[in-house]
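Open the model in your viewer and keep the selection panel at hand. The stops below say what to pick and what you will find there.

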Amino acid sequence: MNTGVELRHLRYFQAVADELHFGRAAARLHIAQPALTQQIQRLETLLGARLFDRTSRTVALTPAGLVLRDRAAALLGHAERDLAEVTRIGQGGQGTLHLGFVPSVLPLEPLRGVREFRERFPLVQVDLTEGFTSHLMERLANGTLDMAIVRDPDTQPGTVTTPLITEPFVAVLPADHPDAGRTALTGADLADNPLVFFPRAAGGLAYDKNLAPLLESGHRPRVVQEATNWTIILYLVAAGLGITIAPRSATFTAPDSVRIIPLTGTEAATTIYTATREADDRPLVHNLRALLPNRPGTPPRD
């Protein structure tokens, strides 16, 4: 194995092999001809083989030189591609990014940022995982996710969160509910109704914030049915199993057989965050985070 051979030696050789003239090859490489001659001699010494037959008038490739001419182009091409790949990975332009998200963010802007990210960095594979906020935060902390888009996450050691979008809660009632025609409701108005809701295991802080309009009115929620996502919850409400309190965006795909009514008398709100691991400054993560919205405030309905 000729460990002393460097890529520059192959580039010098390739130029001479193409030109079959040391002067023209030196001009092409922007180096002095004596320096080029010295480097070719060094390459021949390292390989233990003469590469060129040289006279005062001509330069010709030896059998060993003919073989190296074919191989040098491939070796340089492989090296260029491999080094370019390393550069892309180092700059966040290639690799795999594992992103978790809660389904309730689907109607909002964050995942539009993922689409733009894929368009800008087509060599990056974005592996999407949906789940409860609590589960996504655990996976982020243990390293199986690179980033998560979550709603009202509990504190998880080793992670940092950045707010993206804040929105209000609304009441969701069956269309035939006695209060379905109201233009606004308070937590106290809803207190005696059975509730369809998600389990506390989905996220303690999110659970408490979502129930805040009821808790602030001094009433204990009466959850009669749990479900794992807002789509199921909304259809259970439509079926008359109870009412619910939901983030406004979670109702964007609600069935026509429910009524969505603003809540008054409360400042309770829900916030969507990006979550990453502490000190994770990889360009891959930074590039996606830079494309996500960072505008806390009530989102418009499309």
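Start with helix α2, residues 22-29, in this predicted model. Which residues of α2 are buried? Select F22, A25 and A26: these are the buried ones. Look down the helix axis. The three cover an arc of only 100° around that axis, so they sit on the same side of α2.

Now add the surroundings. What do the buried residues of α2 pack against? Show α1 (7-19) and α3 (33-47), then β1 (52-54) and β2 (59-61); the buried residues pack against these four elements. Step just past the end of α2 to H30. Its phi is positive, at about 60°.

Zoom out to residues 5-62. An unreviewed UniProt entry annotates this range as "domain: HTH lysR-type". Over the range, the chain is 62% helix and 10% strand. Pick the C-alpha atoms at its two ends: they lie 19 Å apart.

Next, select strand β6, residues 159-174. Which strands does β6 pair with? Take three partners in turn: β11, β9 and β10.

- **β11, residues 269-277.** Nine bridges join this strand to β6, and the two run antiparallel. To find one bridge, select P163; its partner in β11 is Y273.
- **β10, residues 258-262.** The pairing with β6 is again antiparallel, over five bridges. Select L173 and look across: R259 of β10 stands opposite.
- **β9, residues 244-247.** Four bridges link this strand to β6, also in the antiparallel sense. Here V172 has T244 of β9 as its bridge partner.

While the strands are on screen, turn on side chains. In a regular strand, side chains alternate between the two faces of the sheet.

Last stop: strand β8, residues 223-226. Select E226, which lies in this strand. Is E226 buried, partly exposed or exposed? Its relative accessibility is 42%, so E226 counts as partly exposed. The cut-offs behind that call are under 20% for buried and over 50% for exposed.

What does E226 touch beyond its neighbours within four places in sequence? Select F197, F198 and P199: E226 is in contact with these residues.

Finish with a distance. Draw a line from the C-alpha atom of E226 to that of V160. The two residues are 66 apart along the chain, and the C-alpha atoms are separated by 30 Å. V160 falls within the residue range of β6, 159-174, so this line takes you back to a strand you have already visited.

Terms used: Residues are numbered from 1 along each chain as its sequence is written. This is a predicted model: local features need pLDDT of at least 70, side-chain atom pairs count only at pLDDT 80 or more; totals for chains, interfaces and linings use all residues. Side-chain values use heavy atoms; hydrogens and water are left out. Two strands pair if DSSP finds at least two bridges between them. Buried means under 20% relative accessible area, exposed over 50%, partly exposed in between (1.4 Å probe, protein chains only). The arc is that of the directions from the helix axis to the C-beta atoms. Contact means heavy atoms within 4.5 Å. UniProt positions are given in the numbering used here, feature names are shortened, and annotations may be inferred rather than shown by experiment.
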